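Here are my notes on the model you sent over. I've kept them as numbered points so you can go through them with the viewer open.

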Amino acid sequence: MRPWPGHAYPLGATYDGSGTNFTLFSEVAERVELCLFSARGKETRIPLTEVDGFVHHGYLPGVEPGQRYGYRVHGPYDPGQGLRCNPNKLLIDPYTKALDGPVVWDEAVFGYPFGEQEGRNDTDSAPFVPKSVVVNPFFDWGTDRAPRTPYHETVIYEAHVRGLTINHPEIPQELRGTYTGLAHPVMIEHLKTLGVTAVELMPVHEFLNDHHLQEKGLSNYWGYNTIAFLAPHHAYATSSGRTGNQVQEFKAMVRDLHDAGIEVILDVVYNHTAEGNHLGPTLSLRGIDNAAYYRLVEDDPRYYMDYTGTGNSLNVRNPHTLQLIMDSLRYWVTEMHVDGFRFDLASTLAREFYDVDRLSVFFDLVQQDPVISQVKLIAEPWDVGPGGYQVGNFPPLWTEWNGKYRDTVRDFWRGEPGTLGEFASRITGSSDLYQDDGRRPYASINFVTAHDGFTLADLVSYNEKHNEANLEGGNDGESHNRSWNCGVEGPTDDEAVLALRARQQRNFITTLMLSQGVPMLLHGDELGRTQGGNNNVYCQDNELSWVDWSLATKNAPLVHFTSGVTALRNAHPVFRRRKFFEGRPVGRRKAGALADITWFTPAGEEMTEQDWDSGFGKCVTVFLNGHGMAEADTRGEPVVDDSFLLCLNAHYEDIDVTLPGPEYGARWAVVVDTATGEVVTLATTPGVAAAEPVMVDGGSVHRVPARSVVVLQQAAGS
């Protein structure tokens with residue numbers, strides 16, 4: 001074939017209905033060959049002779065979706081200078097929109113002969129490297145519209161595409177563990193019942209299973225090992241054998257979730273790739289332009305800077321690397337219709353040189369981009385490099401996984417002394433972290449558990465990690481989990497221990513859902529899912545990590561409780577404020593007006609500095625003033641809500657709590673009691689049938705059981 005000149009933009013393979021335009025950036029390449037593969041694997045090499053701005057390009061009429069291809073880059077090979085071109089290695093297009101399968105771990109995919117790291121391996125890698133695929137860009141989106149749920153109304157459900165549905169008995173076998181399975185009506189019904197407004201999917205960019213894990217009989221289950229930033233992972237498609245079809249299935253999943261009002265947020269890994277360190281394979285960027293795409297050690301560029309713990313870090317100082325990241329983000333928004341991103345180890349993206357700089361070029365680009373700046377942007381605000389812990393330090397457009405919220409809430413409920421003051425700050429939106437740079441309470445993505453660490457059930461069942469199945473001698477995973485096993489390590493038949501564990505789970509869920517900020521629930525926590533004490537199941541693609549849906553029946557009360565507390569949050573704006581508390585009367589400030597928030601001791605007295613510093617500090621009552629928000633709704637009308645009292649007792653004994661006097665409310669209804677597991681919905685709350693609550697008089701004494709939360713709603717007319 002003789003290619004037409006084509007165009008240097010857009011990068012990647014672009015089908016226009018008549019043929020396909022191919023482009024590849026490489027500043028170091030002396031020559032680039034496009035390699036087309038037939039269904040039987042026959043390779044045809046086509047030189048791309050047109051070069052503009054280091055972009056090699058050509059157009060092939062008649063090349064249609066489903067065509068498999070790759071590149072061979074001719075150029076200098078001198079690892080000591082950071083140059084690793086080798087035309088014997090077939091390379092994945094960084095802009096490919098689909099791959100046809102996994103890598104086969106043969107010595108040929110490495111740039112050096114085993115045992116001779118200084119030599120060059122010229123064995124052809126094409127039989128072992130997944131081929132890029134030309135995809136059909138056309139899809140019937142119908143009337144699809146992004147839900148655009150405001151942050152303060154958002155409830156996030158972190159989920160794994162495969163692990164969430166692989167064991168669901170009501171989903172057809174052939175759909176389990178797939179994009180289609182995740183959007184199955186029974187899954188959508190479950191998410192809606194929980195009050196979820198957004199699913200945050202663990203990595204769906206095409207990723208590889210690590211060689212060393214496969215040798216152990218394990219696999220990279222989580223997927224934080226990206227090799228193609230624009231391609232949905234092929235193994236999550238129902239028909240992965242039909243090349244490129246994963247794109248259509250992903251789009252259909254998004255469309256169906258959008259129809260249900262549920263947003264799709266992607267956990268994205270732009271900090272490193274699956275090519276690893278200097279001993280890793282040559283699969284894509286390394287062989288295309290190693291020094292442009294990766295951060296190399298300045299005084300010895302044969303080695304890679306590693307701020308991620310995975311062997312390499314992308315070079316976000318290079319404009320072409322930045323372009324790849326931004327083009328990928330825009331593609332997932334404009335073509336795949338996703339609603340936001342959670343950036344893995346986001347501090348790495350802010351490293352201009354060595355220090356983390358929140359004003360780095362990457363964040364400047366995001367700020368001014370008319371597409372990316374308008375979707376949800378969530379940072380995991382740390383990496384493993386020096387100074388990498390950056391909670392509270394990201395720019396105004398960004399929200400953050402609030403690791404301090406997780407740690408403080410865990411400490412409070414396991415009874416650690418001296419945590420009450422910080423606990424109060426965390427459940428009211430962490431103003432100490434976000435207010436000074438103009439952000440709102442919803443800048444805090446609140447979570448107690450996430451994929452990395454214990455599940456909620458394990459958090460209250462284990463003091464120590466139990467990661468034996470990972471075959472790393474227990475050296476992997478976090479050792480300081482701030483967990484408490486309630487008196488027995490692991491499984492037990494002790495009814496008292498089991499009851500306490502159930503209560504603690506309800507305490508965490510109630511705290512999470514009624515805190516200011518955006519709550520994030522880990523998939524399966526509402527079912528009491530366990531991983532047997534393993535807090536690092538990154539390599540466990542099996543029953544240990546999959547959601548066990550039989551628990552939906554066994555632990556039905558927990559599912560009902562979680563749904564009820566989430567419904568309470570969704571029905572009452574006082575739990576999801578758009579502005580931080582001021583601690584004083586707000587709005588019209590009428591004479592005798594109550595503060596927007598007030599804290600009380602168990603004796604019913606307002607908290608003093610001495611009370612906050614008390615070594616005991618395990619019980620507190622907080623008054624949330626539904627008439628003191630000074631916020632307007634979408635039509636400009638004042639937001640007014642019922643007032644609430646939250647009585648939180650982390651002590652190991654029951655405590656008699658004196659409620660605030662009648663000026664705060666003459667009558668109160670108990671709507672949540674984590675000791676009994678009851679959630680009562682009043683007639684004024686839409687969504688669930690009304691029930692008869694326990695009524696309590698203002699100023700009276702109410703016993704709050706040990707290690708429990710009691711939520712009281714002001715009765716109508718009081």
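1. Let's begin with helix H6, residues 285–293, in this predicted model. H6 is mostly covered, with eight of its nine residues buried. The buried set is Leu285, Arg286, Gly287, Ile288, Asp289, Asn290, Ala292 and Tyr293, so two aspects are worth a look on screen: the charged Arg286 and Asp289 both belong to it. The cover over these buried residues includes three strands, E2 (19–25), E7 (68–74) and E9 (83–84), and helix H7 (319–334) is also part of it.2. Moving along from H6, Asp300 sits in the loop that links H6 to H7. Is Asp300 buried, partly exposed or exposed? At a relative accessible area of 26%, Asp300 is partly exposed, since the buried class ends at 20%. Asp300 is 134 residues from Tyr434 in sequence, and their C-alpha atoms are 40 Å apart in space.

3. Tyr434 comes up again around Phe580. Phe580 lies in the loop between helix H15 (556–571) and strand E21 (597–600). Despite that loop position, Phe580 is buried, with a relative accessible area of 8%. Which residues does Phe580 touch, leaving out those up to four places away in sequence? The list runs through Thr428, Gly429, Ser430, Ser431, Tyr434, Gln435, Arg439, Arg440 and Pro441, plus Asp596. Tyr442 is 138 residues from Phe580 along the chain, with 9.5 Å between the two C-alpha atoms.

4. Now for helix H3, residues 185–194. Its buried residues are Val186, Met187, Ile188, His190, Leu191 and Leu194. As a reminder, residues three or four places apart on an α-helix point the same way, because there are 3.6 residues a turn. The buried residues of H3 pack against strands E11 and E12 and against four helices: H1 (161–165), H2 (179–182), H5 (245–259) and H15. Just after H3, Gly195 takes a positive phi of about 85°.

5. Strand E12, residues 198–201, is covered on both faces. Ala198 and Glu200 are on one side, Val199 and Leu201 are on the other, and all of them are buried. That split fits the general pattern, in which side chains of a regular strand alternate between the two faces of the sheet. Do have a look at Glu200, given that it is buried here.

6. Which strands pair with E12? Strand E11 (residues 156–159) is joined to E12 by four bridges, and the two run parallel. Within that pair, Tyr157 has Val199 as its bridge partner. Strand E15 (residues 263–268) also pairs with E12 in the parallel sense, again over four bridges. There, Glu200 is bridged to Ile265.

7. There is also an open sheet of four strands, in the order E4-E3-E7-E10, with antiparallel pairing. Strand E4 (43–47) and strand E10 (132–133) stand at the edges with a single partner strand each, so one side of each has no neighbour in the sheet. E7 is a link back to the first point, being part of what covers the buried residues of H6.

8. Within that sheet, strand E3 (residues 31–37) and E4 run antiparallel and are joined by five bridges. Two of the bridge pairs are Leu36 with Thr44 and Leu34 with Ile46. The hairpin of E3 and E4 has five residues between the strands, and Gly41 takes a positive phi near 95° there.

9. Finally, the chain as a whole. It has 16 helices and 29 strands, and buried residues make up 62% of its 718 residues. Why call the overall size that of a compact globule? A compact globule of 718 residues would have a radius of gyration near 27 Å, and the 27 Å of this chain agrees. The C-alpha trace spans about 85 × 55 × 55 Å along its principal axes. Among contacts between residues at least 6 apart in sequence, 72% join residues at least 24 apart.

10. On the surface, the chain exposes about 26900 Å², with carbon and sulfur atoms supplying 49% of it. As for charge, the mean positions of the 58 positive and 94 negative charges are 3 Å apart.

Notes
Residues numbered from 1 in each chain as written. Predicted model: local features only at pLDDT ≥ 70, side-chain atom pairs only at ≥ 80, totals over all residues. Heavy atoms only, no water. Buried < 20%, exposed > 50% of the residue type's maximum accessible area, 1.4 Å probe, protein only. Contact = heavy atoms within 4.5 Å. Rg over C-alpha atoms; globule rule 2.2 N^0.38 Å. Areas by Shrake-Rupley, 256 points an atom, 1.4 Å probe, with all protein chains shown as cover. Charge placed at Lys NZ, Arg CZ, Asp CG, Glu CD. Pairing = 2+ DSSP bridges.
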